[in-house]
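Here's a quick tour for anyone meeting this structure for the first time. Have a look at it, then read on.

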Amino acid sequence: MTLFDLTGRIALVTGSSRGIGNAIAAGLGRAGATIVLNGVDKARLEAARETLQQELGPGKVLASAFDVTDAAQVEAAIGDIESSHGPIAILVNNAGIQRRVPLLDLAPEDWDLVLATNLTSAFLVGREAARYMTARGHGKIINICSIQAELARPTIGAYTASKGGLRNLTRAMTAEWATSGIQINAIAPGYIHTQMTQPLVDDEAFNSWVLGRTPADRWGTPEDLIGPAVWLASDASNYVNGQTVFIDGGMSVVV
Ligand code: NAP
């Protein structure tokens, strides 16, 4: 399956110390890539690096702790990966947070934090990576959106705005960088069981709403996102530009 082979490519996945980012990183690694894990909690990041390295082997998993919302940290980290380890061929903008508060009660600081972590981060990390990718004439960027890039629900207004923005940032990046040989696409997961959604899984009413609303009749798992991520990171998607692929068990196509 050479079309999907990532051997020799370096992949940076933001927010990959756990959850969806960690599963995607593992999947890209199994397809041959050398992985750079990222997060802010250094102990959790190092534990994740050691675990993945046990599977992929020595030298195949690196860790870069930086805050994706901090422009100076992002610039330094991308520069360090490029100079110390080699060219970043694949970037997955995955780091994200949630604040479940009705808009009327939402503090402006929480709005800002969600927008900074889920949207501005992709601009900051994507721009630094693209400086190198555009000069080389190739690269892959995958932005992790959400079903909330398209649909809204009460209590998650900032998140919904951030993911809608990220979907359109994917198009804006495509408008500017596709001509340099970079493919920028987005994955929009539906309801995936991770630490972020554990409170929803534990809420009996919400859990039955998710199951009733999802044609596949189950929560997604982080592993459900690996196939689409490998596709969008590989040569198999070389003429796929600016698209958002919904991986949601069918939730976004039914009422
Ligand atoms: P999660 O389990 O809460 O993990 C979040 C990851 O992001 C952690 O590794 C965390 O690192 C990292 N992170 C948070 N803020 C960061 C920052 N400022 N700088 C660097 N890293 C940061 O989340 P998840 O459920 O896997 O979600 C991952 C992505 O998928 C998010 O963008 C989310 O919106 C999206 N998504 C999730 C679902 C779902 O149902 N779970 C559905 C659709 C979309 P630390 O460990 O250091 O805090």
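Start with helix 1 (residues 19–30) and helix 8 (residues 226–233), whose axes come within 9 Å and cross at roughly 55 degrees. (Axes are lines fitted to C-alpha atoms, and angles run from 0 to 180 degrees between N-to-C directions.) The two helices are therefore oblique to each other, oblique being whatever is left after under 35 degrees (roughly parallel), over 145 (roughly antiparallel) and 65 to 115 (roughly perpendicular). On the helix 1 side, Ala23, Ile24, Gly27, Leu28 and Arg30 meet Ile226, Ala229, Val230 and Ala233 of helix 8, with contact meaning heavy atoms within 4.5 Å. These contact residues divide into seven nonpolar, one polar and one charged.

This is a predicted model, so local features need pLDDT of at least 70 and side-chain atom pairs 80 or more, while totals for chains, interfaces and linings use all residues. Residues are numbered from 1 along each chain, and side-chain values use heavy atoms, leaving out hydrogens and water.

Next up is helix 5 (residues 157–177): its 21 residues reach 30 Å from first C-alpha to last, close to the 30 Å expected at 1.5 Å a residue. Its buried residues include Leu166, Leu169, Met173 and Trp177; buried means under 20% relative accessible area, exposed over 50%, and partly exposed in between. Among the elements covering them are helix 4 (108–136) and strand 5 (139–144).

Finally, two loop residues other than glycine have a positive phi.

| Residue | Phi | Loop | Relative accessibility |
|---|---|---|---|
| Thr155 | about 80 degrees | between strand 5 and helix 5 | 34%, partly exposed |
| Asp217 | near 65 degrees | between helix 7 (204–213) and helix 8 | 53%, exposed |

Key:
Helices (H or I, at least four residues) and strands (E, at least two) are DSSP runs, numbered from the N terminus. Ala, Val, Leu, Ile, Met, Phe, Trp, Tyr, Cys and Pro count as nonpolar, Asp, Glu, Lys and Arg as charged, and the others, Gly among them, as polar. The expected span of a helix is 1.5 Å times one less than its number of residues. Buried means under 20% relative accessible area, exposed over 50%, partly exposed in between (1.4 Å probe, protein chains only).
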